[in-house]
Each structure stands twice: as C-alpha cells, then as structure tokens.
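Subject: Structure handover

Dear colleague,

Here is the structure I said I would pass on. Please look it over before reading the notes underneath.

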Amino acid sequence: GENVLSAGWPGVLSQSLRASLGPACVTCFLNGALGDVHHQSTLICDYVDTKERVGQTLAETVLKTLATLTPQTDLTLSSAVTTIQIPFRDMDGPFGIDMRNRQRFAADEVYARLHDKLRSKIAKRDHVLAQVQCIRIGQTAFVALPCEPFTQIGLDIKSASGFENTYIVGCANGMVGYVPTRKAFAGGGYETTLSMGSKLAPSAAEQLTQAAIDLLRAAMT
C-alpha cells in the first residue's frame with residue numbers, strides 16, 4: 001500500500017546534512033515554541049511549501065553556520081526537572097464548549113464525541129501532570145515543555161533567563177496539548193477551541209512559564 005508516514009522536512013534536513021557530512025552525522029532536531037507558528041509563507045506570492053524546500057534551505061544554513069563554530073571545553077553540565085499540576089478548562093465556562101470565536105476544522109459531531117471523552121477524563125482527575133525540564137550546557141540552557149506552547153511563552157522564558165542562550169523544546173517528555181497565552185484565548189481560533197488537544201485552563205501558560213523560570217534560576221547557581 002501507499003506510505004502514510006513521513007519524516008517531513010526534518011527528515012530532509014537530516015538526509016541533506018548526512019549527504020554533506022558523511023553517514024556518521026546524526027541530526028538532533030528539537031521543536032521550539034511551535035503552538036502558533038507554521039512554515040508556510042503568506043507573504044511570498046510564489047512560495048511553494050514542500051518538505052524538500054524547507055529541509056534543504058535549513059540544511060544549507062546549518063552547513064554555513066558550522067564553519068563559524070568553535071569547540072568549547074570545561075563546560076558546566078546540570079539538569080533539573082519538576083512536575084506541576086495544571087487544571088482542566090471549565091467546559092461550561094467562557095472558554096469551554098460554547099466559546100466565542102471558536103474555530104473547528106471537523107464536524108460538530110466529532111467535537112461532541114471529544115467533549116464526552118474529556119468530561120469522562122475530568123471526572124476522574126481535575127488536572128493534568130506536566131513535566132518541565134531544564135538542561136544546562138555551559139552558558140546554554142534548554143527548557144523542555146510537554147506541550148505545543150505559543151511563541152510568546154518561549155519569548156517570556158527567554159527574557160527572564162540569565163543564560164547567554166536559551167532554547168525552548170516543545171513536545172518533550174509528554175504531551176498535554178496546545179498551551180495558548182491568556183491573550184490568545186480572548187482572540188479565539190483553532191488552538192484555543194476546546195477539544196482533547198486543547199483542554200487546559202488559561203492559567204497553563206503562566207504556570208509553565210513560571211516553572212521554567214524557576215528551573216533556569218536554580219541552574220544558574
């Protein structure tokens with residue numbers, strides 16, 4: 001039958017780097033704060049969105065950057081992790097089933113089934129467990145979040161970080177769904193529309209941000 005799975009443009013990126021650097025090259029691809037971003041360009045009229053174009057463009061950039069890097073030694077290495085409780089959204093509240101400006105890309109019947117499943121889940125436990133991790137490599141820190149965080153969450157964490165370089169790693173150590181900012185809930189849209197993939201209280205963004213900042217500050221000592 002036909003292939004139904006693809007490594008997408010990260011796969012093309014890896015293959016392109018291996019072709020240039022040799023078969024021993026291993027690519028470590030990490031998602032960032034990706035909840036409200038997409039690689040499709042709406043500004044370039046003739047832009048063709050293919051995995052080949054995105055992957056090869058990134059590979060070319062990586063290869064150019066490699067030539068400017070210098071090895072570092074005697075780095076401080078550390079890691080820390082914390083698990084926080086994030087409440088589920090009030091399904092009957094202002095950001096619940098009948099949320100204003102909701103955006104659905106499936107039939108209402110599909111969402112109805114998802115809502116029933118979510119109610120059953122909430123009846124068993126009123127929160128999710130979210131693991132936040134920080135890894136320090138010298139003056140570089142990686143913050144891992146188990147969700148698809150909105151870009152502003154990543155920017156807020158970076159702004160509060162004392163490290164020279166801070167990178168957000170989304171979709172790591174589990175998955176609790178989309179985490180929009182509180183401002184995004186007011187605007188509505190697909191990522192804030194209640195479903196099994198968007199089910200957390202608006203406080204989730206602040207909770208994850210604060211947990212990440214606390215870990216970063218501890219890693220500085």
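The notes below go from the overall layout to the core and then to one patch on the surface. Please keep in mind that this is a predicted model.

Overall layout

The protein chain has six helices and six strands. Read from the N terminus, their order is α-α-β-α-β-β-β-α-β-β-α-α. The C-alpha trace spans about 55 × 50 × 35 Å along its principal axes. The protein chain has 221 residues, and 38% of them count as buried.

Nonpolar core

The largest nonpolar core holds 34 residues. Within this core, the residues in contact with the most other members are Ile86, Leu145, Ile157, Val179 and Leu208. Two or more core residues come from each of these elements: strand E1 (77–87), E2, strand E3 (140–144), helix H4 (151–160) and helix H6 (204–220). The largest contribution is that of H6, which supplies eight residues.

Surface patch

Lys117, Lys121, Lys124 and Arg125 together form a positive patch on the surface. As for the last of these, arginine 125 sits in the loop that links helix H3 (108–124) to strand E2 (127–137). Is arginine 125 buried, partly exposed or exposed? Its relative accessibility is 40%, and because partly exposed covers the range between under 20% (buried) and over 50% (exposed), arginine 125 counts as partly exposed.

Regards

Conventions
Residues are numbered from 1 along each chain as its sequence is written. This is a predicted model: local features need pLDDT of at least 70, side-chain atom pairs count only at pLDDT 80 or more; totals for chains, interfaces and linings use all residues. Side-chain values use heavy atoms; hydrogens and water are left out. Patches are made of residues with over 30% relative accessible area and no salt bridge: like charges are joined within 9 Å, nonpolar side chains (Val, Leu, Ile, Met, Phe, Trp, Tyr) within 5 Å. Accessible areas come from the Shrake-Rupley method with a 1.4 Å probe; for residues, only the protein chains shown count as cover. A salt bridge is a side-chain nitrogen of Lys or Arg within 4 Å of a carboxyl oxygen of Asp or Glu. Lys and Arg count as positive and Asp and Glu as negative; His and the chain ends are not counted. The place of a charge is taken as NZ of Lys, CZ of Arg, CG of Asp or CD of Glu. Helices (H or I, at least four residues) and strands (E, at least two) are DSSP runs, numbered from the N terminus. Buried means under 20% relative accessible area, exposed over 50%, partly exposed in between (1.4 Å probe, protein chains only). A nonpolar core is a set of buried Ala, Val, Leu, Ile, Met, Phe, Trp, Tyr and Cys residues joined through side-chain atoms within 4.5 Å.
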